[in-house]
Amino acid sequence: MTKITDPELRGKLIDHLSQFVTEPRRARLEEVLSNRTRHITVVLEDLYQTQNISAVMRTCDCYGIQDAYIVENRNTFEVHKDISMGADKWLTLHQYPHAEHNMKQCIDDLHAKGYTVVATLPDEKKTTIQDLPIDRKTAFLFGTELTGLSDEAVRHADCNALIPMYGFTESFNISNSAAIILSNFSERLRRTEGLEWHLSEEERAEVYFDWLQKSVRDPEAIIRHYLATHP
């Protein structure tokens, strides 16, 4: 997708691309965009089961979570299209390919954006997801299916939190954990009066421009033609 950093030019291109999208489609894009948030995000560390990755992508989209952070080490990020149902198409994905300390780099980037980083695993203090404050931007870390989060992820996270469980089984799988946590936080933030969780105007324009490109045929050609005829 074409990226435009100049807000004025991006606005003109949004107006131009909108002509190639039906009115019902534009209305649907705007409706979904009005419920998008970056107040919550997820980090997936080195997942190898594409069905789990794809299920988390679908959950993010369903609950209006715009961003997902993907840390790759032994496993390369792939989406299972039959499970994601195209949800990944509408998300902003931040990928960290295999590199030394790429998890720390991801967490550092989240801290720079104002996130509190939460490792999802049991801890001795028994902090639950319900105990976490909703007024802070929060990023939830989810680890590999077999071994969980890496030591580096746990070490650099701000805190640990768990999902309360009352049966013999000691953990949910990754996709279920993400669904439970995102459901809890999504509903809490939407019920909290005075909490500004929506995308900023700049973020809305950036995401809408991306979505419009994904909604028309050959958007690059349309944009090139516009730029060539509107110097």
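**Aromatic pairs and charges over rings: exercises**

At a relative accessibility of 16%, Trp-90 counts as buried, a value that, like the others here, is computed from a predicted model.

**Exercise 1.** Determine how many aromatic pairs a search of the whole structure finds, and work out the geometry of the pair formed by Trp-90 and Trp-211.

*Solution.* The search, run over the whole structure, gives two aromatic pairs. In the pair of Trp-90 and Trp-211, the ring centres are 5.8 Å apart and the planes stand at 90°, so the arrangement is edge-to-face, given that planes over 60 degrees apart fall into that class. Next, place the partners: Trp-90 belongs to the loop between α4 (81-84) and β3 (92-96), while Trp-211 belongs to helix α8 (residues 201-213), so the contact ties together parts 121 residues apart in sequence. Finally, consider burial: Trp-211, with a relative accessible area of 1%, is buried, and Trp-90, at 16%, is buried as well.

**Exercise 2.** Classify the pair of Phe-140 and Phe-185, and state whether these residues are buried or exposed.

*Solution.* The ring centres of Phe-140 and Phe-185 lie 5.0 Å apart with their planes at 85°, so this pair is edge-to-face. Phe-140 is in strand β5 (residues 138-142) and Phe-185 in helix α7 (residues 174-191), so that the pair links distant parts of the chain, 45 residues apart. Both Phe-140 and Phe-185 are buried.

**Exercise 3.** Identify which arginine lies over the face of Phe-185, and which lies over that of Trp-197.

*Solution.* Over the face of Phe-185 lies Arg-188, 4.8 Å from the ring centre. Over the face of Trp-197 lies Arg-190, at 4.4 Å from the ring centre.

Conventions
Residues are numbered from 1 along each chain as its sequence is written. This is a predicted model: local features need pLDDT of at least 70, side-chain atom pairs count only at pLDDT 80 or more; totals for chains, interfaces and linings use all residues. Side-chain values use heavy atoms; hydrogens and water are left out. Rings of Phe, Tyr and Trp (its six-membered ring) pair if their centres lie within 6.5 Å; planes under 30 degrees apart count as stacked, over 60 as edge-to-face and the rest as tilted. Helices (H or I, at least four residues) and strands (E, at least two) are DSSP runs, numbered from the N terminus. Buried means under 20% relative accessible area, exposed over 50%, partly exposed in between (1.4 Å probe, protein chains only). A charge sits over a ring if NZ of Lys or CZ of Arg is within 6 Å of the ring centre and within 35 degrees of the ring normal.
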